[in-house]
Amino acid sequence: MGSRQVTAWQGKNITVAGLGVSGISAARALAGLGARVTVVDNGDGDAHRARAAELAQQGIEVRLGHLDGGAPAGEVLPEGTDLVVTSPGWKPDSPLFAAAAAAGVDVVGDVEIAWLLREVGEDLRAARSGEAAAGASRREPAPWLAITGTNGKTTTTQMLASILKAAGLRTAAVGNIGTPIIDVVLGEEQYDVLAVELSSYQLHWAPSLRAHSAVVLNLAPDHLDWHGSMEAYAADKGRIYEGNRVACVYNVADPATEALVVEADVEEGCRAIGFTLGAPGPSMLGVVDGILVDRAFVENRQKNAQELAEVKDVNPPAPHNIANALAAAALARAFGVEPRAVRDGLRNFRPDAHRVAHVDEVGGVTYIDDSKATNTHAAEASLAAFEPVVWIAGGLAKGATFDELVQKSAKRLRGVVLIGADRALIADALARHAPEVPVVDLERTDTGAMLAAVREAARMAEPGDTVLLAPACASMDMFANYNKRGDAFADAVRELAAESA
């Protein structure tokens, strides 16, 4: 191939932190490019050992559990390490990274590696197809349209991919969802553009990323135990705008997102584009009389607007999801997508499970699963879409407080059922700001707890009400993940329906 990009990795001693999906992806890719790779992880279970055995077949060393000296493998920097590649969840203050800093070794994430390997991917695809031998010029790597925010990232990324596909573009939704992004960059498939979801963790470790266009959907306290402060969390989110070429898209209703645009160092000519649920001003997308309209990517935007789609084309048409659709449309329009493709892409889009998903109607009461609402900001958006509501909430608070959420949502609440380890925090907020709202506090955390919660909610609900699972908390105190929590809710609703039949 003759690529200096490829030879730059040969012989490098690279330590990969974490034996999860992204860690395995990085380890395999870098070893395939000639690097000497060592993976470290404190885990030592059967699953870890099985993954380690697979990597060993590729010549990748894996250090698990505790080393001979008794230290955890994930805290000791292997001798001679030239670069550390971390999995997203590893905290910045991890001992491994302190050791790397002391040794003058950089720490980056899988997204950074994927960004650096984009031209390598083009070389590999050209070699496979024979284009390199024929002397064809290298294709430009696919531009990235990047999405982050406290909530709505996955939905917006998938909406964007649907719009891009409706425009006839070869694309994929990648990053914090789907196939590991390194595998996509180095894979056989050729893409025109990528819709890239990025978490604050991934952005923290991706200093070189320079997107075509990007959006921060919203900002609210989340993962503060990882970042250390709201300021640090916001700063990591804001990294997504650095070096943008065409558009920095922000949320008009969330001034903190616009502030990040103002602070970003972008390429000359890059524009700030707002989205709003109200009527848009120039250089914005918004909503007028049930129509999603564009006043940013049109001629004479001071006077003209372009119809993109109708609110009813958005599924579901809840306010926060309309905002997601506008953000996706803004990125697509920044890439030159025609209005018809925006409409068709939104019509074709189907949200993932556990995101404001209609489960059933039992006795005139609607049951909605939004188990993905794992923080207060997401729960607030979910609660704002329904009235009256019997709210099922609770789990692991991750350092969150609930006073503002309860204050904003109190008038919508018919009743509340609390579950999970940190339910007392929500109960206290309800006592302060909504003392008239009936509350059922479920202490049990066994597998039948969700059925008990649904039955209590059904007892409080009246015909026309909505029973909403929007926990405002993480799930791992009771469930493997938010998907399992949502599945338990849906199973409980189905059992309730069977009992009522």
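## Reading G415 and its surroundings

Mentor: Let's start at one residue: leaving out residues up to four places away in sequence, G415 touches V389, V390, W391, V437, P438 and M460, where contact means heavy atoms within 4.5 Å. This is a predicted model, in which local features need pLDDT of at least 70 and side-chain atom pairs count only at pLDDT 80 or more, while totals for chains, interfaces and linings use all residues. Residues are numbered from 1 along each chain as its sequence is written, and side-chain values use heavy atoms, with hydrogens and water left out.

Trainee: Is G415 buried or exposed?

Mentor: We judge that by relative accessible area: under 20% is buried, over 50% is exposed, and in between is partly exposed (1.4 Å probe, protein chains only). G415 has a value of 0%, so it counts as buried.

Trainee: In which strand is G415 found?

Mentor: G415 is in strand β18. Helices (H or I, at least four residues) and strands (E, at least two) are DSSP runs, numbered from the N terminus. The C-alpha atoms of G415 and E436 are separated by 9.2 Å, with their positions 21 residues apart along the chain.

Trainee: How many bridges pair β17 and β18?

Mentor: Two strands pair if DSSP finds at least two bridges between them. Strand β17 (residues 389-393) and strand β18 (residues 413-418) have five, in the parallel sense. Within that pairing, W391 has V416 of β18 as its bridge partner. β17 also runs parallel to strand β20 (residues 466-469), joined by four bridges, and there I392 stands opposite L469.

Trainee: What do β17, helix α16 and β18 make?

Mentor: Together with helix α16 (residues 403-409), the two strands make a right-handed β-α-β unit. Right-handed means that, with the strands pointing away from the viewer, the path from the first strand over the helix to the second runs clockwise.

Trainee: Which residues of β17 lie on each side?

Mentor: In a regular strand the side chains alternate between the two faces of the sheet. For β17, V389, W391 and A393 are on one side and V390 and I392 on the other, and all are buried. That fits the count for the strand, with five of its five residues buried.

Trainee: Which residues in the largest nonpolar core touch the most other members?

Mentor: A nonpolar core is a set of buried Ala, Val, Leu, Ile, Met, Phe, Trp, Tyr and Cys residues joined through side-chain atoms within 4.5 Å. The largest one here has 61 residues, and W144 and Y241 touch the most other members. Helix α2 (residues 21-32) gives the most to this core, with six residues. Apart from this core lies another, of 40 residues, including L217, L292, V314 and A329.

Trainee: How many aromatic pairs does a search of the whole structure find?

Mentor: Rings of Phe, Tyr and Trp (its six-membered ring) pair if their centres lie within 6.5 Å; planes under 30 degrees apart are stacked, over 60 edge-to-face, and the rest tilted. The search finds three pairs. W90 and F97 have ring centres 6.2 Å apart and planes at 45°, so that pair is tilted. For W115 and W144 the centres are 4.9 Å apart and the planes at 80°, so this pair is edge-to-face. The W115–W144 pair links distant parts of the chain, 29 residues apart: W115 is in helix α5 (residues 110-116) and W144 in strand β6 (residues 144-148). W115 is buried at 11% relative accessibility, and W144 at 2%.

Trainee: What sits over the ring of W115?

Mentor: We say a charge sits over a ring if NZ of Lys or CZ of Arg is within 6 Å of the ring centre and within 35 degrees of the ring normal. Over W115 it is the charged end of R118, 3.5 Å from the ring centre. K372 has its charged end over the ring of Y482, 5.5 Å from the centre.

Trainee: Where are the backbone oddities?

Mentor: Most residues other than glycine have a negative phi, and most peptide bonds are trans. Here the bond from E387 to P388 is cis, with omega near -10°, and P388 lies in the loop between α15 (376-383) and β17. Another cis bond joins N315 and P316, with omega about -10°. D289 has a positive phi, near 50°, and counts as exposed at 75% relative accessibility. K398, in the loop between β17 and α16, also has a positive phi, near 55°.
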